[in-house]
Amino acid sequence: MVKWHSLNVSEAFARLGSSAEGLSFSEARNKEKRFGLNVIQIGKKINPLTIFLKQFKSVLVVILIIAAIALFGIGMQSNDTNYIVDASLIALIVAVNGVFGFFQDFKAEKSIEQLKKMSQVKAIVRRRGKLVKVEARELVPGDVILVEEGSIVPADCKIVSAASLEVDESILTGESLPVSKNLPPLDEKTVLAERRNMLYMNTKAVRGKAEALVVETGMRTEVGKIAGQLQATEEKPTIFETEIDTLGKKIGLEIIVIIVFIAFVQLFVHAGNLVDILIISIALAVAAIPEGLPAVVTLSLAIGTKKMLKKNVLVRKLSVVESLGSVDVICSDKTGTLTAGRMKVREAWFFDKSVSLDKELAIEKQYRKTFDLIVEGSVLCNNVKEVSGKFTGNYTEVAFAEFALNHGHSKAILEKKYKRLKEIAFSHERKRMTTIHEFKAEKIAFMKGATETVLDCCTTYDERGIKKPLTKKAKEKILLREDEIASRGLRVIGFAYKKAEASVAEKEIEKDMVFLGLLAISDAPRKGVREAIKACKNAGIDVKMITGDKVATAQAIAKEIGFEKTIAMNGQDIESLTEQELREKVEEVQIFARVEPKHKTMILKALQQNGHVVAMTGDGVNDAAALKNADVGIAMGLRGTDVAKEASDLVLLDDNFLSIVDAVKQGRTIFNNIRKFVNYLLTSNFAEVFVLFSASLVGVLPITPIQLLIINFVTDGMPALALGADPPTANIMQQKPKKKGEGVINKRLAWLIAAIGTKKTAVILAVFFIGLALKGLAVAQTMAFAAFILYEFNRVAVIRWQEKLGFFSNKWLVAAMLASLAILLVLIYSPINALLGLQALGMLSWVILIAGTVFGWFSAIFITKQVIKRVPA
């Protein structure tokens, strides 16, 4: 691989068979055939069929499909429409859940597609000495292009010539300040962020102009390499998908074991026929599988994503929402994520007075004249343009123009008052800029630049409106103040002015100037980010800053936004560490500076190997690979590149770090709610399985497959859905994240499901066998059907008691339980009962059911207290 930054210009031209005149059109066409178009391939086209089929991969769904096919086959073989109806209902339930999941996932994918920018970049290229405008996609290595202020760099280039060129490379390197460019070759080992003689695709020229030689295009550019890594990264299942898949496999294995055992008993002990054995097996499968669980999980996640969208968080992948609740480390890009992504004047200093401009303090009267002169100088010695009410141009000058406007000085009005006569331009050699204006009958000049070079042009300084000699002591004081401000990560600019007779020669204008003071600028923290960092700490989440900026700048911002520790490490140092050493370092280091894309992935991998669940935020191309590999990748919607959005799981539409805290809160709420309805549903399914299992040992079927389907999907499903809509608990963001590897069912929940499920099995079996003895099989099955539904109300009540939530705190839950009760009564007492094998119940049956309900409530409370007391969570 050619190290273009280490070559001089003539060597680069020779390597590419080009010259300062550029390529001919025929040479460009031949190179296009060889190198291809200058385009970046990101992401795969949305395939609706793939998204739809993905909904049916679950082990539990596959078992239900097999059960439906088996019932349909029995029905067709025996001409019994009841079996065909049962099969159709199972198929309908599977299809409804699949369609619902498909629409949620497809909508998220279409939303991210709409976020992508569709604009075509143009480039001015020299072809055999003639300048022509072409689409950037047509550029080839060897082309010579022109780059001007405001241009987006269309390919990776070697600078041929430059005039005061500054480039914003933040999307690639994370460097918040524009980078000055020049020509001299550099050492081969120079890191990307410090390659001053190169231009990179998708970066932006903010000042000056240049001619550059295209050296790499398309997927061979730095941006292309990152996009290539992105495509090569295998799509990993989220933590929650893994948990649900593991749960499904466990339930599936248990179903197979129980079915094999029951089939053995029925075939060899009771000499049952194969059809009866198959019916019991299907009933067991239906009993064991919580049919409502996929729908409830999907809907719960969908409700969460809707709430998050109101908070400006677009969810690309439903299952990642729950994963947010497990995050214990956030690796955040600095520029544009923790900071606003634009320069702002933060502080002013005029000899003996320092003013923090973040605090909106009024300037004291004795300093007002000096302050006004600095403000006027900052906006007059300035080349920004105002377009549609917004300033465009060099980031530093935009900051000065906005600063002046905020203090009542309009650039347009001042330029009318002070007519510009001449500009002595900024250069990297001079390190200052001067503009000369006509004001009434005299000339006035304003200068800005590096403090030391500005001081070299001054013989006096302004103190409270009075000119004083610039002595050696005064100069040292000014430079010491500059050093102190710079040590806090701010960029310091010095200002001076001079009034002169109209006849003064221009070459004399930069002599004997009056030093006014200093303005300090930086990429300011986002509003509210300090509070967000604090909220993360309270929630047990460690925030780490990863940036392309210098260590000092990153540490200054970290202190300002509330990082308790500012231990920092350079990206280059990461490469010298062994894998084990890096795993140790990532635990103590809070700031990673001068980081390249490969370093981000190394940091992420080390944290994940240490057992952390990591969220990565970012907006630049440089963030893409890490976003893709993170447990939760979070891209910025406003500043984010298409590559970053494609790699992400979530997109912050307002680029606000605060939205991440809201997202984590919602993720934790969703996980808690999922745990509640898994508790609710699996306790019911546990009882269903063991009621069937126990009764089948004596050769009876206490409940039919279709009755179980009604319980699982309709009467159980509605309260479960309502549990999924529970609001967050008051202390949810004071809790620590759940441990990595801790599934939805932890040790305590497993004990609760087993203990209360066993109790429920015993009560329902007692109700069934009492009914069987008193009224016969049909009434006993109806009593068992009613008992399953009624005793679910007990389970909901106990869960609410355990969570310290009022029974009526969720209106949807109350409505769902009333609806379940109404459905129960309609199914028992309407003509539908004949289709379902149910019979109307008399008073005695209801007395037995209510007695079981009362006993179940008190025994469930007792069991819950004992489990909480004896079993850790």
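In this predicted model, helix α19, spanning residues 551-560, lies across three strands, β21, β22 and β23. Its course relative to β23 is an angle of about 150 degrees. Beneath this helix, so to speak, it is worth following the strands themselves. Strand β21 (residues 542-546) pairs with strand β23 (residues 591-593) in the parallel sense, over 2 bridges. One residue pair can be picked out here: isoleucine 546 has phenylalanine 592, in β23, as its bridge partner.

These strands belong to an open sheet of 8 strands with mixed pairing, ordered β8-β26-β25-β24-β9-β21-β23-β22. The edges are formed by β8 (313-315) and β22 (568-570); each has a single partner strand, so one side of each is left without a neighbour in the sheet. Direction ignored, neighbouring strands of the sheet are turned by 20 degrees against each other on average.

Attention now turns to the nonpolar interior. In soluble globular proteins, nonpolar side chains tend to be buried together. The largest nonpolar core of the model holds 116 residues, and the members that touch the most others are Met545, Leu650, Phe657, Phe785 and Leu849. Helix α25 (residues 658-696) gives the most to this core, contributing 16 residues. Leucine 650 offers a helpful close-up: leaving aside residues up to four places away in sequence, its contacts are Met308, Val313, Leu314, Val315, Val320, Leu324, Val632, Gly633, Ile634 and Ala635. Another core, of 43 residues, lies apart from the largest one, and its members include Val9, Val589, Ile603 and Ala624.

Conventions. Residues are numbered from 1 along each chain as its sequence is written. This is a predicted model: local features need pLDDT of at least 70, side-chain atom pairs count only at pLDDT 80 or more; totals for chains, interfaces and linings use all residues. Side-chain values use heavy atoms; hydrogens and water are left out. Two strands pair if DSSP finds at least two bridges between them. Helices (H or I, at least four residues) and strands (E, at least two) are DSSP runs, numbered from the N terminus. Axes are lines fitted to C-alpha atoms, for helices over the stretch in contact, and angles run from 0 to 180 degrees between N-to-C directions. Contact means heavy atoms within 4.5 Å. A nonpolar core is a set of buried Ala, Val, Leu, Ile, Met, Phe, Trp, Tyr and Cys residues joined through side-chain atoms within 4.5 Å. Buried means under 20% relative accessible area, exposed over 50%, partly exposed in between (1.4 Å probe, protein chains only).
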